[in-house]
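Biologist: Please show me the chain and its model, and then take my questions one at a time.

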Amino acid sequence: MAVAVLSMAVWGWFAADGGGGVSVAPVGPSSGDVLTLLDASKLNASNLNTGQGTMYTAAHVLGAGERAVVLDVFLVEAARRRAVSWTVDGQTASDGRLVVDREPPENHVAVHRVVVAEGNGVRAEFTLVVIPSSTSRRFQEWLRTEKGSMDWTRSLPPVYSSLLPGGVNPEPEGCVPRAWPVLRKVRSQYHPGAVYEMRSAIRADGSGHQATYDARGQLIREGLGAGSADRASPRQYNPFRLMAHRDRDVLPFVWAAQLDGNPVNPKLLYSDFDAPLVHLGEHLRGYMSVRPTFSPVRAEVPAGVCVDGQAPAGD
């Protein structure tokens, strides 16, 4: 969409540390009389727990050849008729525009801290996320394709409802074949709140399943912390599978998060985001609809049994 919107080894080629033309402003809770000056319909209030208080973000997808963002569009109608001053990343924007010297690299965004103030001391602050023109188009094309081909999810195994005490794999070793051979600890902005991750055996078509668990070993069933099915299941030390996973599962997640106004860039090799997610919106929900947490055939099984219902070999 070429409009202002509200607002997962070898995984990629760009670092998101301010290089490659990506500007990164410090991001924190919004302050001031935000909704006195700013149009709520152009803003996203944070709806994920980051421990930083309420943040307001606005995302702007650059149009083809667009080289400036007119900041007045974020004001309420009444404020547009009054004298206001703008500051972007600590610098005065005297003409009320954010000049875009060059478009952010693909799969990245530019993050700016914007402050608007009136002479009477009323001020508001928000985070502006500037998105390359290709991001929305690529995400919408990906989502449309994925929605038309969901049969692969029917072969995914059910997830375990919990781990065994002490964070132990809940699948008995005698289960043949093993449906869930991989269990590891994780700490990732991609799945906030997850402490453990299980990955299923890779299916013949290359797909696989993921389940995540909290510190108590309980399954995370909803939200961004939950696991998600993978059209191209990754395996550590296998660069070909990692690259396929990046292209078919990770990049679309990155696009969705950015289009929802999250001020995030992928770290080097797409191992994680460089900042916490703050908003779960329509694009991330769209992603989750085609990368589900549960198999549509059978959702869960209890710890200590084989997923096919058979007793472990040797029992």
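Modeller: What follows is a set of questions and answers on this predicted model.

Biologist: How many helices and strands does the chain have?

Modeller: The chain has 315 residues, of which 51% count as buried. Its accessible surface comes to about 14100 Å², and carbon and sulfur atoms hold 52% of that area. The secondary structure consists of five helices and 14 strands.

Biologist: Which residues of the largest nonpolar core touch the most other members?

Modeller: In general, nonpolar side chains of soluble globular proteins tend to be buried together. Here the largest such core has 28 residues, and those that touch the most other members are Phe253 and Phe273.

Biologist: Which element supplies the largest share of this core?

Modeller: At least two residues of the core come from each of β3 (56-61), β9 (123-131), α3 (133-147), α4 (239-259) and α5 (282-290). The largest share is eight residues, and the element that supplies them is α4.

Biologist: How many residues are in the second, separate core?

Modeller: Among the members of this second core are Leu37, Val69, Val88 and Val130. The core is separate from the one just described, and its size is 25 residues.

Biologist: What is phenylalanine 273 in contact with, leaving aside neighbours within four places in sequence?

Modeller: Phe273 was named above with Phe253 as touching the most other members of the largest core. With neighbours within four places left aside, its contacts include Gln189, Tyr190 and the run Val264, Asn265, Pro266 and Lys267. The remaining contacts on that list are Phe253, Val254 and Ala257.

Biologist: Within what arc do the buried residues of α5 fall?

Modeller: The buried residues of α5 are His283, Leu284, Gly286, Tyr287 and Val290. An α-helix has 3.6 residues a turn, so residues three or four places apart point the same way. Seen down the axis of α5, the buried residues line one face of the helix, because they fall within an arc of 155°.

Biologist: Which helices do the buried residues of α5 pack against, and what covers those of α3?

Modeller: The buried residues of α5 pack against α3 and α4. In α3, the buried residues are Ser134, Thr135, Ser136, Arg138, Phe139, Trp142, Leu143 and Glu146. Their cover includes β3, β9, α4 and α5.

Biologist: Which strands stand at the edges of the open sheet of three strands?

Modeller: The order in this sheet is β11-β12-β13, with antiparallel pairing, and the twist averages 20° from one strand to the next. Strand β12 (residues 196-199) pairs with β13 over four bridges, and methionine 198 stands opposite alanine 211 in β13. Two strands have a single partner each, so one side of each is left without a neighbour in the sheet; these edge strands are β11 (182-185) and β13 (210-213).

Biologist: How many bridges join β5 to strand β6?

Modeller: On one side of the pairing list, β5 (residues 84-88) and β8 run antiparallel over five bridges, with alanine 117 in β8 as the bridge partner of serine 85. β5 and β6 form a hairpin with two residues between them, where aspartate 89 in the turn has a positive phi of about 55°. Threonine 87 stands opposite threonine 92 in β6, and the number of bridges joining β5 to β6 (residues 91-92) is two.

Biologist: Is glutamate 118 buried or exposed?

Modeller: Glutamate 118 is placed in strand β8. Beyond neighbours within four places in sequence, glutamate 118 is in contact with Leu37, Arg82, Ala83 and Val84. Its relative accessibility is 12%, and the cut-off for the lowest class is under 20%, so glutamate 118 counts as buried.

Biologist: Is glycine 119 buried or exposed?

Modeller: Glycine 119 is found in the loop between β8 (110-118) and β9. Its C-alpha atom is separated by 7.6 Å from that of alanine 83, 36 residues apart along the chain. The relative accessibility of glycine 119 is 85%, and the upper class starts over 50%, so glycine 119 counts as exposed.

Biologist: What is the C-alpha to C-alpha distance between glycine 304 and glutamate 171?

Modeller: Glycine 304 lies in the segment after β14 (300-301) and is partly exposed, with a relative accessible area of 39%. Not counting residues up to four places away in sequence, glycine 304 touches Tyr160, Pro170 and Pro172. Glycine 304 and glutamate 171 are 133 residues apart in sequence, and their C-alpha distance is 5.6 Å.

Key. Residues are numbered from 1 along each chain as its sequence is written. This is a predicted model: local features need pLDDT of at least 70, side-chain atom pairs count only at pLDDT 80 or more; totals for chains, interfaces and linings use all residues. Side-chain values use heavy atoms; hydrogens and water are left out. A nonpolar core is a set of buried Ala, Val, Leu, Ile, Met, Phe, Trp, Tyr and Cys residues joined through side-chain atoms within 4.5 Å. Buried means under 20% relative accessible area, exposed over 50%, partly exposed in between (1.4 Å probe, protein chains only). Contact means heavy atoms within 4.5 Å. The arc is that of the directions from the helix axis to the C-beta atoms. Accessible areas come from the Shrake-Rupley method with a 1.4 Å probe; for residues, only the protein chains shown count as cover. Two strands pair if DSSP finds at least two bridges between them. Axes are lines fitted to C-alpha atoms, for helices over the stretch in contact, and angles run from 0 to 180 degrees between N-to-C directions.
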